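Here are some notes for a colleague who is opening this entry for the first time. They concern a few backbone angles and the way in which the copies are arranged.

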2 protein chains.
Amino acid sequence: MKQLLFLFLYLPVISFAQKSLPTYVCPPCGACDTLVFHQPGVCTACGMLLVNKDSLDKPATTVCFYLYDGVEVLDFAGPMEVFAHAGFKVFTVAKKKAPLVSQRILTIVPDYSIKNAPPANILAFFGGDEEASANDPEVMAWIHSRDKVTDTYFSVCTGAFILGRAGLLDNQTVTTFHSRIADLQRAVPKAKVLEKVRYIDNGRVITTAGISAGIDGALHLVAKLRGEEVAALVAKQMEYDKYVPGQGMVVAHP
Amino acid sequence: MKQLLFLFLYLPVISFAQKSLPTYVCPPCGACDTLVFHQPGVCTACGMLLVNKDSLDKPATTVCFYLYDGVEVLDFAGPMEVFAHAGFKVFTVAKKKAPLVSQRILTIVPDYSIKNAPPANILAFFGGDEEASANDPEVMAWIHSRDKVTDTYFSVCTGAFILGRAGLLDNQTVTTFHSRIADLQRAVPKAKVLEKVRYIDNGRVITTAGISAGIDGALHLVAKLRGEEVAALVAKQMEYDKYVPGQGMVVAHP
């Protein structure tokens, strides 16, 4: 009886302890999916950022990277690295499912064309030779067709010109590559275009400054969606100790 | 006669003035190759970093990026962006000329296989799932075959394990990804492996810390080969205002 009373008294504590002990696992990579951890951090086997096991039951945040011939390599690779480490599901799309060349160097085969790309929570555009995409009615129609399934529009560098042509920067506070600030203001007179800011978050539309600023904009988006602790862990994993949380601007729209 | 004397007196000055006025042009990109500038900076038409016209007569520094299935995307994309803006000629090589997938996301078609890749001044290796390459006798034989034509070996992150297996890190001071420091020391007992350093330059062998540190290592190499002014211009162009010249370590070998 005394033993039973003991059990009765301690049961809620044991139960609470079990409930409060979160379980962290490596995101599915095929190599170390059976390992279980009880603290956040990185996988001791493969170095990937651990995720809370509960979060695996929910669909992962998806990110569509729109690429094109002449896209600047670091513009997209920085955010790709950030989102991958945060456990987001990233895929690439181009107008056609045919090889394209980034930075006149890197030949890339996109996962999808705009005709068969699945929806994504985040639709991302990058700079470089963006003019052809910004002037392409089919690309514009594809962007408009995604309106209801897209939570966030994200651009790096002159990728903002694509969002601008699609009408998505109207009445937004935005930025772009340092030498194209005045051009973007002319292209999107209804936007407020700012210089010398690393990224600007309007809620649904986030634009960043040029090239390497995409890393900071992506980390900001991770902090916003998964918490500052996760963004800090991603930055640490990438050895991006130059990450300064809150270095950009968040615009509150009434 | 007076006119002739005038010409004679001023000829050296005119000649000197012509000689001392350097001419800068946009690196050949097909879009704005006819523009000429008289100050260093960026092309007003396409934003590329200008190069001294005299340097175009010399062969450009070439960089071979060795890629493989599972290579970390920012590991190579950061240096690719840096070297491209510095006017280096960059190409990609894999064991076979077949598509490979970086970061389990980005499908890349390499320019060459190790059977037909041209020589390069800089041979560069990157981290990720580098084990297969480090354990591949054909890859090792290819690296050894390039000994006489390679000026600099460059690695980012765990790309150092490939250089280590090739014997290139023996008697060198080196670094790698923060969680693999002890592993690299075990793998290359003849090297001195340091942690918490952004890059280490031994003269012919440069290794960097993880992922984003490749950007800093590449900027260091640009500063070394083309001057700190050019590296600073590249960093400015990339909006990488977080670049700190001399943030790594340069080892003087006797």
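1. Strands, as the word is used here, are DSSP runs of E with at least two residues, numbered from the N terminus. In this model, which is predicted, Gln103(B) lies in the loop that runs between strand 6 (100-102) and strand 7 (106-109) of chain B.

2. The backbone of Gln103(B) deserves a look, since this residue has a positive phi of about 60 degrees although it is not a glycine. Its relative accessibility is 12%, and because buried means under 20%, Gln103(B) counts as buried.

3. A second residue to inspect is Asn171(B), which is found in the loop between helix 5 (160-165) and strand 11 (173-174) of chain B. Phi of Asn171(B) is near 65 degrees, again a positive value in a residue other than glycine. With a relative accessibility of 58%, however, Asn171(B) counts as exposed, because the cut-off for that word is over 50%.

4. How are the two copies related? A turn of 180 degrees, with a shift of 0.0 Å along the axis, lays chain A on chain B with an RMSD of 0.0 Å. The two copies are therefore related as by a two-fold rotation axis.

5. Which residue of chain A comes closest to the rotation axis? That residue is Ile108(A), whose C-alpha comes to 2.3 Å from the axis.

6. As for the interface, 100% of the interface residues of chain A are also interface residues in chain B, so the copies meet through the same surface.

Definitions and conventions. Residues numbered from 1 in each chain as written. Chains lettered and ligands numbered in written order. Predicted model: local features only at pLDDT ≥ 70, side-chain atom pairs only at ≥ 80, totals over all residues. Heavy atoms only, no water. Helix = DSSP H or I, 4+ residues; strand = E, 2+ residues; numbered from the N terminus. Buried < 20%, exposed > 50% of the residue type's maximum accessible area, 1.4 Å probe, protein only. Least-squares fit on C-alpha atoms with pLDDT ≥ 70 in both. Contact = heavy atoms within 4.5 Å.
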